[in-house]
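Student: I should like to discuss how the descriptive terms applied to this structure are justified. May we take the assignments one by one?

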Amino acid sequence: MATTTNTDHTGNHRPGAEKMYHESPDTANTVSNGNTMGRQMTHEEHQTALAASKFGYGPLAHVGTDASGRLPAFGGEFQPGLYKGVKDRKFANPAPLGLSAFALTTFVLSLINMRTRTVAEPNLVVGLAFGYGGLVQLLAGMWEMAVGNTFGATALSSYGGFWLSFAIILTPGGFNIEEAYVEMQTVQAFYDAFGFFLMGWFIFTTILLIATLRSTVAFFLLFFTLDLAFLLLGIGYLQRDSTNHPNPPVIKAGGFFGLLAAFLAWYNALAGIADDSNSFFIIPVAHFPWSVKAQEMRKEKNERATV
């Protein structure tokens, strides 16, 4: 009897994902690197192959491709549901990098939106938005695409694009976008256009939020708070105060939810970085009771209880 093991994205053995199968030394025609062997194994060869397969090597070391081989929802991968891992993946997990880039840039901008220590101009964020929140997050999104994660590729690449476009709009003396509105129309026209820009990202984030409803609480809260931040900031620019400037209380409220989103992004990033090789504890992400992962956990618990 040989043991077939599944491995997670770090290459570590995943307990409980073992599948047993019987192999007779008289009929063992095995597959190695996609080629069927043309002769039957001898008894000694078969025993050697069985021993190697226990460690994931040799012609009998098959990797399961059924539902038991699916990786869990985020708590490691930037993916809201179960999905098939990429065979022989050579990339590290890009999700924590993208989340960290998003978190730091959002953190700084949100503090400015809240007028922390009377700082009101977002000029400093331009550098972060180009270099870290934009470029690095966009690269992380492309790596998510390379490892087969559609959700992660869509989210990280899009928000990387958001920060790049944000930086382009607000680059002082660079692209002159705000100045062009002031010269051709009024500064209020720029506020309206920027409000449209933010509302578009609110709609996009709502779409992603819907895709997290069967994942984890930590993952859902990240997109929920970000969605509220975009909504409030958009309202703040469209529904201005008595002086016809962005509404300060609403902008501050948007900054507050942006700050929450930044810390939640860092939390989810830590959940993807910390494992038993580098941390004394695993970050809890709290799967929703109706999620596929939670249902599987309850099923396993009931099966153990009936044994």
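Tutor: Let us start with one residue of this predicted model. Trp 266 has a relative accessible area of 30% and is classed as partly exposed.

Student: Why is Trp 266 called partly exposed?

Tutor: Buried requires a value under 20% and exposed a value over 50%. Trp 266 stands at 30%, so the term partly exposed applies. Phe 107, with a relative accessible area of 23%, is also partly exposed.

Student: What makes Phe 107 and Trp 266 an aromatic pair, and how are the planes arranged?

Tutor: The ring centres of Phe 107 and Trp 266 are 5.5 Å apart, and the criterion asks for centres within 6.5 Å. The angle between the planes is 55°. Stacked is reserved for angles under 30 degrees and edge-to-face for angles over 60, so this pair is tilted. Phe 107 belongs to helix H2 and Trp 266 to helix H8, and 159 residues separate them, so the pair links distant parts of the chain.

Student: Why is the pair of Phe 162 and Phe 197 called stacked?

Tutor: The planes of Phe 162 and Phe 197 make an angle of 15°, and stacked means under 30 degrees. The centres are 5.8 Å apart, which satisfies the limit of 6.5 Å. Phe 162 in helix H4 and Phe 197 in helix H6 are 35 residues apart in the chain. Both Phe 162 and Phe 197 are buried. The whole structure contains 29 aromatic pairs.

Student: How do you know that Arg 240 and Asp 192 form a salt bridge?

Tutor: The N to O distance between the side chains of Arg 240 and Asp 192 is 2.8 Å, and the cut-off is 4 Å. The criterion is therefore met, and the contact counts as a salt bridge. The structure holds one salt bridge. Arg 240 lies in the loop between H7 and H8, while Asp 192 lies in helix H6, 48 residues away in sequence.

Student: Are Arg 240 and Asp 192 buried or partly exposed?

Tutor: Arg 240 has 19% relative accessibility and counts as buried, because the limit is under 20%. Asp 192, at 25%, counts as partly exposed, because that value is between 20% and 50%.

Student: What makes Thr 106 a buried residue, and which residues does Thr 106 touch?

Tutor: The relative accessible area of Thr 106 is 6%, which is under 20%, so Thr 106 is buried. Thr 106 is found in helix H2. Leaving out residues up to four places away in sequence, Thr 106 touches Trp 163, Gly 258 and Ala 262.

Student: Why does the term buried also apply to Ser 157?

Tutor: Ser 157 has a relative accessible area of 13%, under the limit of 20%, and is therefore buried. Ser 157 is placed in helix H4. Beyond residues up to four places away in sequence, the residues touched by Ser 157 include Gln 137, Leu 138 and Gly 141.

Student: What makes a set of residues a nonpolar core, and which residues have the most contacts inside the largest one?

Tutor: The members must be buried, of nonpolar type, and joined through side-chain atoms within 4.5 Å. The largest nonpolar core has 41 residues, and those with the most contacts inside it are Tyr 159, Trp 163, Phe 166, Phe 194, Leu 222 and Phe 223. The elements that give two or more residues to this core include helix H2, H3 and helix H4. Apart from this core lies another, of five residues, with Ala 218 and Ile 283 among them.

Student: Which residues is Phe 166 in contact with, leaving aside neighbours within four places in sequence?

Tutor: Phe 166 is in contact with Leu 109, Val 125, Ala 129, Phe 194 and Phe 197.

Student: How do you know that Trp 143 can belong to a surface patch?

Tutor: A patch residue needs over 30% relative accessible area. Trp 143 has 35%, so Trp 143 passes that cut-off. Trp 143 forms a nonpolar patch with Phe 91, Leu 97, Leu 135 and Leu 139, and together they have about 430 Å² of accessible area. Helix H3 supplies the largest share, three residues, and Trp 143 is in helix H3.

Student: How many helices and strands does the protein have, and what share of its residues is buried?

Tutor: The protein has nine helices and four strands. Of its 307 residues, 41% count as buried.

Key
Residues numbered from 1 in each chain as written. Predicted model: local features only at pLDDT ≥ 70, side-chain atom pairs only at ≥ 80, totals over all residues. Heavy atoms only, no water. Patch = residues over 30% accessible without salt bridge, like charges linked within 9 Å, V, L, I, M, F, W, Y side chains within 5 Å. Areas by Shrake-Rupley, 256 points an atom, 1.4 Å probe, with all protein chains shown as cover. Buried < 20%, exposed > 50% of the residue type's maximum accessible area, 1.4 Å probe, protein only. Contact = heavy atoms within 4.5 Å. Phe/Tyr/Trp six-rings, centres within 6.5 Å; stacked < 30°, edge-to-face > 60°.
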